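The following note is addressed to a colleague who is meeting this structure for the first time. Please read the numbered points with the sequence and the model in view.

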Amino acid sequence: PTAALVGARIYRRGSAPPTITLPYIITYTISDTAAQVSADARVQCSCFAGSDSVVSGLSKTVRNALHRTKNTLLPAGTRKVWVTSIKDAGMTPDENSDIPIYMEHRSFTINYDYR
């Protein structure tokens, strides 16, 4: 569903082109802590659109795609990293009347397992 709204316009921080077609998403790693068998990372997904209703819908689509997701990327026992869960930490709208872009920032905690 998210790809239907933004296509391939999902960028990592610093990799977005200077001119971008709306709507789009930029992801940021906020923190990443690792232990011997597991890790936690905080990731922010910032959604950008030309209207408040579009950015709100895009942010909700991202939330629905990731909130409390349990996603085994690799089978257990492969001694590689796989995602055990993703939890939504909430949404923050960002309003700036000087520019015609609406933004919502959503933060996720991702739990990894190395076993």
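1. The largest nonpolar core has 12 residues in all: Val 6, Ile 25, Val 43, Cys 45, Cys 47, Ala 49, Val 55, Leu 58, Val 62, Ile 86, Phe 108 and Ile 110. Two or more residues of this core come from each of strand E3 (38–49), helix H2 (52–66) and strand E5 (102–113). The greatest contribution is that of E3, with four residues. Another core, of five residues, lies apart from this one; among them are Tyr 24, Ile 26, Phe 48 and Met 103.

2. The model is predicted, and its confidence should be kept in mind throughout. The protein chain has a mean pLDDT of 77, with 76% of its residues at 70 or more. Among the elements, the lowest mean pLDDT (69) belongs to strand E4 (residues 82–94) and the highest (89) to E1. Where pLDDT is low, the predicted coordinates should not be read in detail.

3. As to the overall architecture, the protein chain contains two helices and five strands. Their order from the N terminus is α-β-β-β-α-β-β. Of the 115 residues in the chain, 30% are buried. Among contacts with a separation of 6 or more, 51% are between residues 24 or more positions apart. The accessible surface is about 7,200 Å², and carbon and sulfur atoms account for 52% of that surface.

4. Helix H2 merits a check of its geometry. Its 15 residues, at 1.5 Å a residue, should span 21 Å, and the end C-alpha atoms are 21 Å apart, so the expected and modelled spans agree. The buried residues of H2 include Val 55, Leu 58 and Val 62, together with Ser 56, Ser 59 and Thr 61. Val 55, Leu 58 and Val 62 also belong to the largest nonpolar core.

5. Is Thr 2 buried or exposed? Thr 2 counts as buried because its relative accessibility is 14%, under the 20% cut-off. This residue lies in helix H1 (residues 2–6). Beyond its neighbours within four places in sequence, Thr 2 is in contact with Gly 7 and Ile 25, and also with Leu 58, Thr 61, Val 62 and Ala 65.

6. The peptide bond that joins Leu 22 and Pro 23 is cis, with omega about -10°. Pro 23 is located in the loop between strand E1 (10–12) and strand E2 (24–34). Both Leu 22 and Pro 23 are in contact with Ala 49. With neighbours within four places in sequence left aside, the other contacts of Ala 49 are Val 54, Val 55, Pro 100, Ile 101 and Tyr 102.

7. Why do Cys 45 and Cys 47 not form a bond? The sulfur of Cys 45 has its closest cysteine sulfur in Cys 47, 6.7 Å away, and this is too far for a bond, since a disulfide requires sulfur atoms within 2.5 Å. The count of disulfides is accordingly zero. Both cysteines are nevertheless placed in the largest nonpolar core. Cys 45 counts as buried at 7% relative accessibility, and Cys 47 counts as buried at 1%.

Notes: Residues numbered from 1 in each chain as written. Predicted model: local features only at pLDDT ≥ 70, side-chain atom pairs only at ≥ 80, totals over all residues. Heavy atoms only, no water. Buried < 20%, exposed > 50% of the residue type's maximum accessible area, 1.4 Å probe, protein only. Contact = heavy atoms within 4.5 Å. Areas by Shrake-Rupley, 256 points an atom, 1.4 Å probe, with all protein chains shown as cover. Core = buried A, V, L, I, M, F, W, Y, C linked by side-chain atoms within 4.5 Å. Expected span 1.5 Å × (residues − 1). pLDDT = per-residue confidence, 0-100.
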